[in-house]
Amino acid sequence: MATSRPRYTVSVDEDLFRKIEDFRFEKRFQTRSEATVELIRLGLEALKREDEKAENQN
């Protein structure tokens, strides 16, 4: 299935790979790519919340 989305390759160690796979199956994502994108999205949202919290404390 062709897509117009940008693509890139990420290499991870075995432990991180297993954690991504566990997340994928627990959350019932069809593909590893979908699970990885969701993990990135969640991580970026968490960083944004941390930044906002730090700004509010100053």
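This report describes the largest pocket, a nonpolar surface patch, the salt bridges and one backbone feature of a predicted model.

## The largest pocket

The largest pocket has a volume of about 900 Å³, and of the 21 residues that line this pocket, those closest to its centre are Arg-32, Ser-33, Glu-34, Thr-36 and Val-37. Two elements each give two or more residues to the lining, namely helix H1, which spans residues 14-26, and helix H2, which spans residues 32-57. Helix H2 supplies the largest share of the lining, with seven residues.

By residue class, the lining of the largest pocket divides into 12 nonpolar, five polar and four charged residues. Arg-32, which is among the residues closest to the pocket centre, also takes part in a salt bridge with Glu-21, and this pair is taken up again below.

## A nonpolar patch on the surface

Tyr-8, Val-10, Val-12, Leu-16, Ile-40, Leu-44 and Leu-47 together make a nonpolar surface patch of about 670 Å². Helix H2 gives the most to the nonpolar patch, with three residues.

Val-12, one of the residues of the patch, has its place in the segment before H1. Val-12 counts as partly exposed because its relative accessibility is 34%, a value that lies between the limits of 20% for buried and 50% for exposed residues. The same value is also over the 30% relative accessible area that a residue needs in order to belong to a patch.

## Salt bridges around Glu-21

Side chains of opposite charge can pair when their charged atoms come close. The structure holds five salt bridges, and among them is a network that links Glu-21, Arg-24 and Arg-32.

Within this network, the side chains of Arg-24 and Glu-21 meet in a salt bridge with an N to O distance of 3.6 Å. Both of these residues lie in helix H1, three residues apart, which corresponds to about one turn of the helix, and both are buried. The side chains of Arg-32 and Glu-21 meet in a salt bridge at 2.7 Å, again from N to O, and this pair links distant parts of the chain, with Arg-32 in helix H2 and Glu-21 in helix H1, 11 residues apart.

Are the two partners of the pair between the helices buried or exposed, or does one of them fall in between? Glu-21 is buried because its relative accessible area is 6%, whereas Arg-32 is partly exposed because its relative accessible area is 38%.

## A salt bridge within helix H2

The side chains of Arg-41 and Glu-45 meet in a further salt bridge, with an N to O distance of 2.4 Å. Because Arg-41 and Glu-45 are four residues apart in helix H2, they are separated by about one helical turn.

Arg-41 counts as partly exposed, since its relative accessibility is 35%, and Glu-45 likewise counts as partly exposed, at a relative accessibility of 34%.

## The loop between the helices

Arg-28 has its place in the loop between H1 and H2, and its backbone has a positive phi of about 60° although the residue is not a glycine. Arg-28 is exposed because its relative accessible area is 75%, which is over the limit of 50%.

Key. Residues are numbered from 1 along each chain as its sequence is written. This is a predicted model: local features need pLDDT of at least 70, side-chain atom pairs count only at pLDDT 80 or more; totals for chains, interfaces and linings use all residues. Side-chain values use heavy atoms; hydrogens and water are left out. On a 1 Å grid over the protein atoms alone, a cavity is a set of points where a 1.4 Å probe fits but cannot get out, and a pocket is an open set with protein on both sides within 12 Å along at least five of seven lines; lining residues have an atom within 4 Å of a point. Grid points are joined across faces, edges and corners, and a volume is the space filled by probe spheres set on the points. Ala, Val, Leu, Ile, Met, Phe, Trp, Tyr, Cys and Pro count as nonpolar, Asp, Glu, Lys and Arg as charged, and the others, Gly among them, as polar. Patches are made of residues with over 30% relative accessible area and no salt bridge: like charges are joined within 9 Å, nonpolar side chains (Val, Leu, Ile, Met, Phe, Trp, Tyr) within 5 Å. Accessible areas come from the Shrake-Rupley method with a 1.4 Å probe; for residues, only the protein chains shown count as cover. A salt bridge is a side-chain nitrogen of Lys or Arg within 4 Å of a carboxyl oxygen of Asp or Glu. Buried means under 20% relative accessible area, exposed over 50%, partly exposed in between (1.4 Å probe, protein chains only).
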